[in-house]
Amino acid sequence: MSAMPSQQTIRAFGGRQPATAIMRIPFIDLKPLKRATQRDEVRRIVDDIVARGGMQRSSVATPVLQKLGQVGEWQEALKVFREINRPDVYNFSAAISVCEKAEGQGRRALELLAEMKTRGLKPDVITFSAAISACEKDGQWERALELLTEMQMRGPRPNVTTFTTAISACGND
């Protein structure tokens, strides 16, 4: 059931319906996703969320990506990530974190970081920390230090986790 815009809203848009009235996203209850622990159950719930258009809402997309990562479904998480029309910083951070946790996917995490910047989004400390951690796990200590330097020069300000992860990356050579 789609709600129609008020007459006042239609007048404000010059007699046309606003685009948001055309594409209404239904309420998505995330409780079943949060409770799910088995891969098949998570995949079933995620398939339903994607089918209902829920991935267009950042507040839904980010926990979906995180849960897929938690159950080891990094490939599905990246597939679902590509369903998002306009991913935001939180969506990119979640996708980068999923790659960081998946064995051998550090390069993919760095590709997502580069894509994020290309789209004009500014990575936050969580995004950088996940990317640095991906470098650590992939043995790319030089790249980890480059990212830390970038943070110090352009922001955001690194935190204790960021420094600890970068130091750990240097010890993995």
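Which residue forms a salt bridge with Glu115? Here are a few notes to help you find your way around this predicted model.

1. The partner of Glu115 is Arg119, and the closest N and O atoms of this salt bridge are 3.1 Å apart. Arg119 itself is partly exposed, with a relative accessible area of 44%.

2. That pair belongs to a wider set, as the structure holds 11 salt bridges. Another one brings together Asp48 and Arg52, with 3.7 Å between the closest N and O atoms. Asp48 is partly exposed at 40% relative accessible area, and Arg52 also counts as partly exposed, at 35%.

3. Next, have a look at Arg39 and Glu73, whose side chains meet in a salt bridge (3.7 Å, N to O). This pair links distant parts of the chain: Arg39 sits in helix H4, while Glu73 lies in the loop between H5 and H6, 34 residues apart. Arg39 is partly exposed, with a relative accessible area of 43%. Glu73 has a relative accessibility of 13%, under the 20% cut-off, so Glu73 counts as buried.

4. Arg39 and Glu73 do not stand alone: salt bridges that share partners join Arg39, Arg43, Glu73 and Glu76 into one network.

5. Glu76 leads us to helix H6, being one of the buried residues there. Helix H6 spans residues 74–81 and is mostly covered, with 6 of its 8 residues buried. Alongside Glu76, the buried residues of H6 are Trp74, Ala77, Leu78, Val80 and Phe81.

6. What covers the buried residues of H6? The cover includes helix H4 (39–51), helix H5 (58–70), helix H7 (89–101) and helix H8 (106–118).

Key
Residues numbered from 1 in each chain as written. Predicted model: local features only at pLDDT ≥ 70, side-chain atom pairs only at ≥ 80, totals over all residues. Heavy atoms only, no water. Buried < 20%, exposed > 50% of the residue type's maximum accessible area, 1.4 Å probe, protein only. Helix = DSSP H or I, 4+ residues; strand = E, 2+ residues; numbered from the N terminus. Contact = heavy atoms within 4.5 Å. Salt bridge = Lys/Arg side-chain N within 4 Å of Asp/Glu carboxyl O.
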